[in-house]
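Please open the structure in a viewer and keep the sequence panel visible. The tour proceeds by selection, from the whole chain to single residues.

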Amino acid sequence: MIEQKYKHSQNYSTPMAIKIVVTGDLHLGKRSSLLTDGNNTTSTKYTWGNIVQYVIDQQIDLLLLTGDIVDRDNRFYEAIGPLQTGFDKLSQAGIPVYLVAGNHDHDVLPQIITINNLSDVHLLGRDGKWESQIHSTPNGESVRIAGWSFTNKYIYESAINNTFPQFEDSIPTLALLHGDAYQAISKYNPVNIEKMKQYRAVDAWLLGHIHKADVICEKTPLILYPGSPHALNPKEKEIHGPWLLTIENKEITYKHLPLSPVCYQYLNIDVSTAINEIEFRKQVIAAFDMHLLQIKEQYNPHFLVYDIEFTGTHNNVYELRKWSDEIKNYNPDDWCHVSIRSMEYNIRPELDINQLMNEPSYIGVLATAIKTLETGSSNGFIDKLVADWKSRYEHLTTMPVYIPLKAQKPDKELDKMAREYVLNECRELIAELNHQRNEN
Ligand SMILES: [Mn+2]
């Protein structure tokens with residue numbers, strides 16, 4: 001095993017560097033929402049296989065996992081096979097894995113590792129206390145991995161409150177931790193960023209729990225959320241993948257590796273100059289071409305899922321809706337499967353609202369409403385519409401089927417949502433009424 005490692009390290013362009021891949025929140029057992037495919041490339045076990053293959057092909061020294069690798073305890077049977085296969089491949093290549101458990105897999109991860117008796121897989125801090133191990137490469141380079149694991153679904157007290165060990169030597173130290181660094185009060189191990197910075201012995205904090213990758217602090221110490229390596233739902237609108245860390249002369253450099261087969265994106269299309277369907281089509285194609293090129297420069301996902309927002313000024317949203325209906329059939333290229341999940345219209349009418357406000361007609365009422373909403377004030381007409389919207393919204397979100405999904409929104413936020421919705425509707429209506437009037 002040692003010889004095999006040595007053989008790998010001879011090929012390094014920088015022989016004294018330690019190469020590490022880190023990822024977390026893989027949620028084995030899940031697949032990207034809204035997509036189905038026969039090859040299973042949308043399931044997270046596919047990405048797990050790709051990460052393992054990358055680590056072996058690139059002769060990486062260590063793989064680090066920051067928790068929530070398995071999606072929940074009831075995913076045991078779905079997760080155990082792919083995990084075992086990946087761990088076996090890494091073990092045969094002489095590559096150890098260090099990991100911690102998160103709130104999703106605090107139960108199942110220790111079970112899987114114990115059942116399989118995996119000697120190259122090190123679950124750190126499984127009794128809820130910090131644990132560390134030093135890994136040395138055949139070149140004599142060393143790195144310390146410290147870790148702490150969830151022992152329960154909820155952890156209210158931060159794992160770094162007064163319990164973090166001190167290291168006196170100069171070995172580079174990486175701390176693996178699942179927790180919430182964004183909120184002071186959290187059920188998921190609230191860890192304070194300033195406190196992490198105070199532990200001088202730690203060169204990098206590698207965190208789990210948040211699916212969006214984030215470099216919170218660039219160095220001394222590096223504080224990194226690697227994020228989920230596989231985009232799981234349309235809220236995760238960034239490029240996802242594991243991270244490559246290189247430690248050389250105690251300096252840590254890092255790089256995001258785009259690997260997620262699925263990529264959810266937002267696309268804004270300004271349709272102000274789309275005076276007819278031909279122009280509209282031109283703008284749509286131009287916007288897509290530019291965006292697809294940007295993605296392609298970074299990597300080739302299998303699936304690109306778009307939320308489109310049409311913006312700009314236009315006097316006929318009804319027409320725009322009609323023209324945009326067939327966009328869902330758009331198939332720009334065969335390098336990747338593009339689909340459109342939603343289209344939103346946030347269009348301002350190209351009208352003189354101030355002048356229309358004086359009209360004794362529906363147009364006048366709508367113009368007054370638009371002006372009032374735009375200036376952040378209200379009147380009886382708007383109050384009624386907002387109240388109506390809120391009561392319908394609340395009715396919908398308290399239906400039994402939605403209760404598990406219900407996000408408690410403060411009244412202020414609901415008001416804002418209602419006003420935005422009403423404003424959009426008024427703009428669409430006034431444009432249509434004005435259009436009809438001009439045609440007659
Ligand atoms: Mn989590």
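The stops below pass from the overall architecture to the sheets, their loops and the cores.

**The whole chain**

Begin with everything displayed, bearing in mind that this is a predicted model. The C-alpha trace extends over about 85 × 45 × 40 Å along its principal axes. A cartoon view shows eleven helices and 15 strands. Of the 440 residues, 37% are buried. When contacts between residues at least 6 apart in sequence are considered, 72% of them link residues at least 24 apart.

**The two domains**

Next, colour 2-256 as domain 1 and 263-439 as domain 2, following the domain assignment. Their C-alpha centres are 40 Å apart. Where they touch, domain 1 contributes nine residues and domain 2 contributes ten residues. On the domain 1 side of this contact there are five nonpolar, two polar and two charged residues.

**The sheet that ends in strand 12**

Select strands 4, 3, 2, 1, 11 and 12. They form an open sheet in the order 4-3-2-1-11-12, and the pairing is mixed. Strand 4 (121-123) and strand 12 (251-256) are the edges, each paired on one side only. Direction ignored, neighbouring strands here are turned by 20° against each other on average.

Now isolate strand 11 (residues 243-248) together with strand 12: the two run antiparallel and are joined by six bridges. Which residue of strand 12 stands opposite Trp-243? The partner to select is His-256.

**The loop between strands 11 and 12**

Move to Asn-249, in the loop between strand 11 and strand 12. Lys-250 occupies this loop as well. Most residues other than glycine have a negative phi. Asn-249, however, has a positive phi near 50°, and Lys-250 has a positive phi of about 65°. Are these two residues buried or exposed? Asn-249 counts as exposed because it has 9 C-beta neighbours inside 10 Å, and Lys-250 is exposed with 10 other C-beta atoms within 10 Å; the cut-off for exposure is 12 or fewer.

**The sheet that ends in strand 9**

Select strands 5 to 10. This open sheet of six strands has the order 5-6-7-8-10-9, again with mixed pairing. Its edges are strand 5 (131-136) and strand 9 (214-217), each of which pairs on one side only. From one strand to the next, the twist averages 20°.

At one edge, strand 9 and strand 10 (residues 222-225) run antiparallel, joined by three bridges. Within this pair, Val-215 faces Leu-224 of strand 10.

Between strand 9 and strand 10 the loop contains Pro-221. Inspect the peptide bond that leads into Pro-221 from Thr-220: this bond is cis, with omega near -10°. Most peptide bonds, by contrast, are trans.

**The nonpolar cores**

Finally, show side chains in the largest nonpolar core, which has 66 residues. Those with the most contacts inside this core are Leu-63, Leu-64, Leu-176, Leu-177, Trp-205 and Leu-206. Centre the view on Trp-205. Which residues is Trp-205 in contact with, leaving aside neighbours within four places in sequence? They are Ala-175, Leu-177, Met-196, Pro-221 and Ile-223. The list thus returns to Pro-221, the residue of the cis peptide bond.

A second, separate core has 33 residues, among them Ile-239, Tyr-264, Ile-370 and Ile-382. Selecting these four ends the tour.

Notes. Residues are numbered from 1 along each chain as its sequence is written. This is a predicted model: local features need pLDDT of at least 70, side-chain atom pairs count only at pLDDT 80 or more; totals for chains, interfaces and linings use all residues. Two strands pair if DSSP finds at least two bridges between them. Helices (H or I, at least four residues) and strands (E, at least two) are DSSP runs, numbered from the N terminus. Axes are lines fitted to C-alpha atoms, for helices over the stretch in contact, and angles run from 0 to 180 degrees between N-to-C directions. A residue is buried if 20 or more other C-beta atoms lie within 10 Å of its own, exposed if 12 or fewer, and partly exposed in between; C-beta atoms are placed from the backbone. Two residues are in contact if their C-beta atoms, placed from the backbone, lie within 7 Å. Domain bounds come from an automatic or database domain assignment. Ala, Val, Leu, Ile, Met, Phe, Trp, Tyr, Cys and Pro count as nonpolar, Asp, Glu, Lys and Arg as charged, and the others, Gly among them, as polar. A nonpolar core is a set of buried Ala, Val, Leu, Ile, Met, Phe, Trp, Tyr and Cys residues joined through C-beta atoms within 7 Å.
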